[in-house]
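Trainee: I am new to this structure and would like a close look at a single part of it. Could you take me through that part step by step, once we have it in front of us?

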Amino acid sequence: MTLLMTVCADCGVSYFPARLRCHRCGGYQFLDQAVYTARVSGVVPVHRVPEDCPWHCLVELQTEAGVTVMAVAQVPPTLHSLVPITQQADGAVFIPSH
Ligand SMILES: [Zn+2]
């Protein structure tokens, strides 16, 4: 599932997760913007992972829209690298494995 940012139709500010009202201009109209990649700005390994959980690290990502997003990954990505991102049906953002 593609990760979607919401962009204020009046002032262009991006949000994730979606907002009901723009914090900058007070607008209520938003457009969807698909995001496919983001740059890794932080990686935190998770040392105690339940057996059925495939995610072994938390990743802080900077999108081109200027929004910081937290994601999970099976393998720690390289800091400052550009990685693909996607979203599960339950809303979790993750870095897909190859
Ligand atoms: Zn706005």
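Is Ser 14 buried or exposed?

Mentor: Bearing in mind that this is a predicted model, Ser 14 is buried, because its relative accessible area is 14% and buried means under 20%. This residue lies in strand β2, and, leaving aside residues up to four places away in sequence, Ser 14 touches Thr 6, Val 7, Gln 33, Ala 65 and Val 67.

To place that strand, consider the sheet, an open one formed by 3 strands in the order β2-β1-β3, with antiparallel pairing. In this sheet β2 and β3 stand at the edges and each has a single partner strand, so one side of each is left without a neighbour in the sheet. The pairing of β1 with β3, in the antiparallel sense, runs over 6 bridges, and Leu 4 stands opposite Ala 34 in β3.

The zinc ion can be related to these strands as well. Its coordination comes from the SG atoms of Cys 8, Cys 11, Cys 22 and Cys 25, at 2.3 Å, and the site is tetrahedral, with angles of 102 to 117° among the 4 donor atoms. Along the sequence, the donor residues follow the spacing C-x2-C-x10-C-x2-C. Since Cys 8 lies in strand β1 (residues 3-8), while Cys 22 lies in the loop between β2 (14-15) and β3 (30-35), the pair ties together parts that are 14 residues apart in sequence. Cys 8 and Cys 22 are both buried, and Ser 14, with which we began, is buried too.

Technical notes:
Residues are numbered from 1 along each chain as its sequence is written. This is a predicted model: local features need pLDDT of at least 70, side-chain atom pairs count only at pLDDT 80 or more; totals for chains, interfaces and linings use all residues. Side-chain values use heavy atoms; hydrogens and water are left out. Donors are N, O and S atoms within 2.8 Å of the metal (3.2 Å for Na, K and Ca); water is not among the atoms, so sites may look incomplete. Four donors count as tetrahedral if all angles lie between 85 and 135 degrees; four count as square planar and six as octahedral if opposite donors are over 155 degrees apart and all others between 65 and 115; anything else is irregular. Helices (H or I, at least four residues) and strands (E, at least two) are DSSP runs, numbered from the N terminus. Buried means under 20% relative accessible area, exposed over 50%, partly exposed in between (1.4 Å probe, protein chains only). Two strands pair if DSSP finds at least two bridges between them. Contact means heavy atoms within 4.5 Å.
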